Amino acid sequence: MQEYLRRLLEDKARLKKWKKIMIALSCIVVVCTVYALSLPAQTLACNKEEHTHTAECYDENNALICEKEEHTHTDDCNKQEEVNEANEQEESTVVKDESETLNNDEQVNKKTTTTTETTTEPFDLSLDANKDKITDIQFTYKYKKGDVEQEQIVKPNENVNVSTQDNLNMTYKLWFKDISATTLKDCGGIIKYQLPEGFKIRNEIQNNIVEGNNIRGTMNVNTDGLVTITYDTTFLSGLQNNHTLTGSFEVEAQIDMNKIDSSTGKITITTPKGDITLNYGLDYMEHYGNVSVDKMCKKEATSNYIKYTITLTAGDDGCENVYVVDQFTQGKDLVNYVNINKYETSLNPSENNRDPYETRVDNLQAGTIYKTNLPSSDQIIPNAVTDITNPESFVWYIAKMNPKEVRQLTYYVKLKDTTEISYNSYKNVVNTAQAYSKKESSSKVYSKGYKEFTFTPTINIDTSVMKKNIVRQDDNKDYKKDNDGNYLVNYQIEFNYGSNNKVSIKEFQFRDSLDNDIYTDPKMLPYISFVKDSVVLHVKKASEKEYKEYKGTDISVGWAKGDDNYSTYKEDSTRFNVYKLNNELITINPGDSYYVTYTLKIKPEVYAAMQSDSVTIKNRYFSYSGDKQLNRVFNDKLILNERKWVDKSVAEPTTAEETVNMKGTKYNYQLNEDSSAEQSFKVPAGSYKYTVDINKTDENKTDGKFNVTGVTLKDTLGKDVLDKDVMKYVGYMKIMAYDTQDKVVGTKWVNIDKQQSFNLKLSDIGWKDNCYSYTFEYYATPNDLSSLTSAKVTNKFSLNGDVKRGVDGETFTFTDVNSTSDVTLEGSYNLNINKQAWYYEKPKQNATEWQNGKHYWVIEVNGSKIRKDTQIKDEISDASEKDEISSYLHNDSLVGVYKGDLKNLSNKKIEDLPENLKIGKDYYTAEYKNSKGFSGYNNYSELVLTAKKDIDLQENEKIYIVVKTEPKELPTEYRATSIYKNSVFVKHINDADFTKYDEASQELYGGIL
């Protein structure tokens, strides 16, 4: 315990000693730090890393491998602090400054100056007293050598040819030094400098002086060339009084062209470091004078003249010897210059009869103009010539343009009379004006402004311009009728030439045709005519609000038949054109609207000519310029459907027996008068009443226009039905005649009992030479429905023979003009058919037939009976899906037809079928077919069985048709699946084609057959 206490006391004493040492060291650090902070601030401006080479800096061959420079910091590294401010502005003006620490004498002198002179004037580098602060000056300009831009520096006391320069831009750069921070602060942080005479600042320059993201000040250059640099107060406050400022600035300026000596082409600029002489050449006014070009055109609304205007605007310095070469680069075949001479002609200051003229200040010298050949590589500015050998151009010459002068040339161009070409080719007329300047004694040509203007001689003729309409009557019908029953149809054809078009259409014609590319059937044309005096022209000019009407002798109308050889009117004319107004050819200007109205007369004979209840009248409207077609439209076709030559209808079947009483003359089936006392007949329930109207209008009226008494009228039951005994007529047919008042003027009866067709002429039963309409009424009843499943019975009533206009007028021969009606009979006969897949039998060893085995199939038929001529078809189904494989039928594929009840068929094989149930070939025929085109011998796709007689089936009695097929291929890969399908189709005796009833399939698997 005592030893432990002893050690504890020794540790405590040691701890007190270290505590005293640490306190003493801390005091030393504090004193040193305070002393260091009290010293003047020094900034290490040296950007080199302090480094001394060691053994690691050398390789085994004692070669230096270190990339660092050996360097030890000295007082010089701490001597100066550099401030760089860079600026990248729109005018590329740059200022660079450096501050230096003054020595003790300089600091005293500057301070004394500052305390004895107080000023807020900027520090002026332009003053002679401050020229020693300027260390250097240089000019920099850019020029192109080939396609590469080069930069050239010019120093004071140099004489330089700068005529290769493309402009008068010149960068003025000045370096300065040793501007004390104290002086700069006393001058408000502003340095100014006046650019020497000979420079021009076109627009004031205002830029920021930036360092990193900090704005250190601004630089302004006014249009008088005064450069003012103003430093930010924050930046200034950071400068110590013992610092100096060293730097540079540059200004993007221009040489003042007015200061260039016109006799030498040179300018001498005096700078604080010496004169600089720049030689711009004797043609400096042509070379560096700026001219801009503008061009526009306007088409005259009521003529084919186009007014072009070229506007030249000189730059700030003007330009001399200006040439403008004007030419058409596209569509030159559509235009000609107007009233421009081939010899040089002074331009008038005002317009005169579409001569070119110049708009200028009154006291200025007039420009000149001449027409010549197109420019070429040899003659960019073509000379005047006496004979123009290629497409034209012209040259406009101005000897001198004053600064900012605006001068305008107005000239005219005429569109050639090529309306059809302009419309169909859609050419642009492209005109260019290229300005040049060239001193008379020089070969150098300087390109100035350029302007291109495109004029499209628009002729827009579409369905918004051309329209064709039928003018409806007050009752909203397309027509009205005259006393003879003729249709009168009013048409309107329009040409609304919008103001967006830029070309007047000369020699315009309206044309309308019944027999052009869209035409009325020629059989109707003899009964259709234009009404001569109905043609009226309506005109509304662009400046007018109302249409004016012209007709009769005010307009010229030509008529033609079948071609475009227009002459005087004939009733059988099929075409007309309107081509003159007041004996002048028609010119349509943009914004004009024209339309023509006319009347078409259509006789009712058109129905007879077409042997139809409905006719369509088609006519086409064309627009022409001279003999050149512009466009055509076909908007409205006229449909007339007011006729019913024959119209048949059938009522629902009667629900009970009916008695029909007869009153009037009777005829037997041979159309002899029937003198029997029979006055009525009975119609059984389930009979159908047919009604047929002959020679009526669409409103079931009698118009008395046609005589049909000589036409053969025929009616047939069961059209397209195989069983002709499905229906038959009952009793007598009633025929009623109607006059134009729609009153019955006679009733006759014809015996058609138990017949399936009849035919007669009305003249055969005493009606001759009249224009009555007629109504036929008769009944038909089905035969034994027990033998029918379902049957569609079509009844057709037709007209054949001569129809006359009026009682004894023009004859029209009708051929099978008919009307039909259908009834569907549902019988008690039924037949159910389905298809079953039975089993697969493997091929026998070394088999030469059925080498892929046999699929057995069963067609099961049940119902009341199989009627004679019923067909049952077994068909190989298409192998269209994945894993499906086709099969073949062979000429022994029919195993047999069995009649009876084969129970549990799925558990049996073919040898288990009882032979006593098989029926012989006296019941059916079998025919193999190959409609699918299977290749190979004895390969078929269908087997068709046709019943040779009725096969009655008793209760629980069925027909089994057993068929075998051979797979086309067997599956080869293990467990691969192959699917084989087979279908059954049926065609009943009154069917047009087979109907699919059922389909079955069998599957085989690879490796496990």
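Which strands each supply at least two residues of the lining of the largest cavity? Keep that in mind as you open this predicted model; the tour comes to the cavity at its third stop.

**Whole chain**

Start with everything shown as a cartoon. The protein chain has 65 strands and 7 helices. Colour its 1009 residues by accessibility, and buried residues make up 45% of them. If you draw a contact map alongside, look well away from the diagonal: among contacts with a separation of 6 or more, 71% join residues 24 or more positions apart.

**Stop one: the cores**

Select Phe 495 and Phe 776. Within the largest nonpolar core, which has 120 residues, these two touch the most other members. Stay with Phe 776 and display its contacts beyond four places in sequence. You should find Tyr 690, Thr 691, Val 692 and Ile 694 there, along with Leu 713. The list continues with Met 733, Lys 734 and Ile 735, then Leu 760, Leu 762 and Phe 797.

Apart from the largest nonpolar core lies another core, with 49 residues. To find this second set, select Phe 123, Ile 201, Ile 267 and Tyr 284, which are among its members.

**Stop two: the second largest pocket**

Now switch on a surface and go to Thr 140, Lys 142, Glu 151, Thr 171 and Glu 252. Of the 19 residues that line the second largest pocket, these are the closest to its centre. The volume of this pocket is about 350 Å³.

Next, colour four strands: β3 (134-145), β4 (148-154), β6 (169-180) and β12 (244-255). Each of them supplies at least two residues of the pocket lining. The most come from β3, which gives 6 residues. Colouring the lining by residue class gives 8 charged, 7 polar and 4 nonpolar residues.

**Stop three: the largest cavity**

Rolling a probe the size of a water molecule over the atoms shows where empty space is left. In this model, the count comes to 4 cavities of 30 Å³ or more. The largest cavity holds about 110 Å³ of space.

To centre the view on the largest cavity, select Ile 866, Ile 872, Tyr 924, Ile 951 and Ile 961, which lie nearest its centre among the 13 lining residues. Here is the reply to the opening question: β61 (942-947) and β63 (958-967) each supply at least two residues of this lining. The most come from β61, with 3 residues. Colour this lining by class too, and you will see 11 nonpolar residues, 2 polar ones and no charged ones.

**Stop four: an exposed strand residue**

Select Asn 159, which sits in strand β5 (residues 159-161). Is Asn 159 buried or exposed? Asn 159 counts as exposed because its relative accessibility is 54%, and the cut-off for exposed is over 50%.

Add Ile 276 and draw a C-alpha to C-alpha distance. Asn 159 and Ile 276 are 6.1 Å apart in space, though 117 residues apart in sequence. Leaving out residues up to four places away in sequence, Asn 159 touches Lys 266 and Thr 277.

**Last stop: two cysteines**

Finish with Cys 187 and Cys 319. How many disulfides does the count come to? The count comes to 0 disulfides. Cys 187 counts as buried because its relative accessibility is 7%, and the cut-off for buried is under 20%. Cys 319 is buried as well, with a relative accessible area of 0%.

Technical notes: Residues are numbered from 1 along each chain as its sequence is written. This is a predicted model: local features need pLDDT of at least 70, side-chain atom pairs count only at pLDDT 80 or more; totals for chains, interfaces and linings use all residues. Side-chain values use heavy atoms; hydrogens and water are left out. On a 1 Å grid over the protein atoms alone, a cavity is a set of points where a 1.4 Å probe fits but cannot get out, and a pocket is an open set with protein on both sides within 12 Å along at least five of seven lines; lining residues have an atom within 4 Å of a point. Grid points are joined across faces, edges and corners, and a volume is the space filled by probe spheres set on the points. Ala, Val, Leu, Ile, Met, Phe, Trp, Tyr, Cys and Pro count as nonpolar, Asp, Glu, Lys and Arg as charged, and the others, Gly among them, as polar. A nonpolar core is a set of buried Ala, Val, Leu, Ile, Met, Phe, Trp, Tyr and Cys residues joined through side-chain atoms within 4.5 Å. Buried means under 20% relative accessible area, exposed over 50%, partly exposed in between (1.4 Å probe, protein chains only). Contact means heavy atoms within 4.5 Å. A disulfide is a pair of cysteine sulfur atoms within 2.5 Å.
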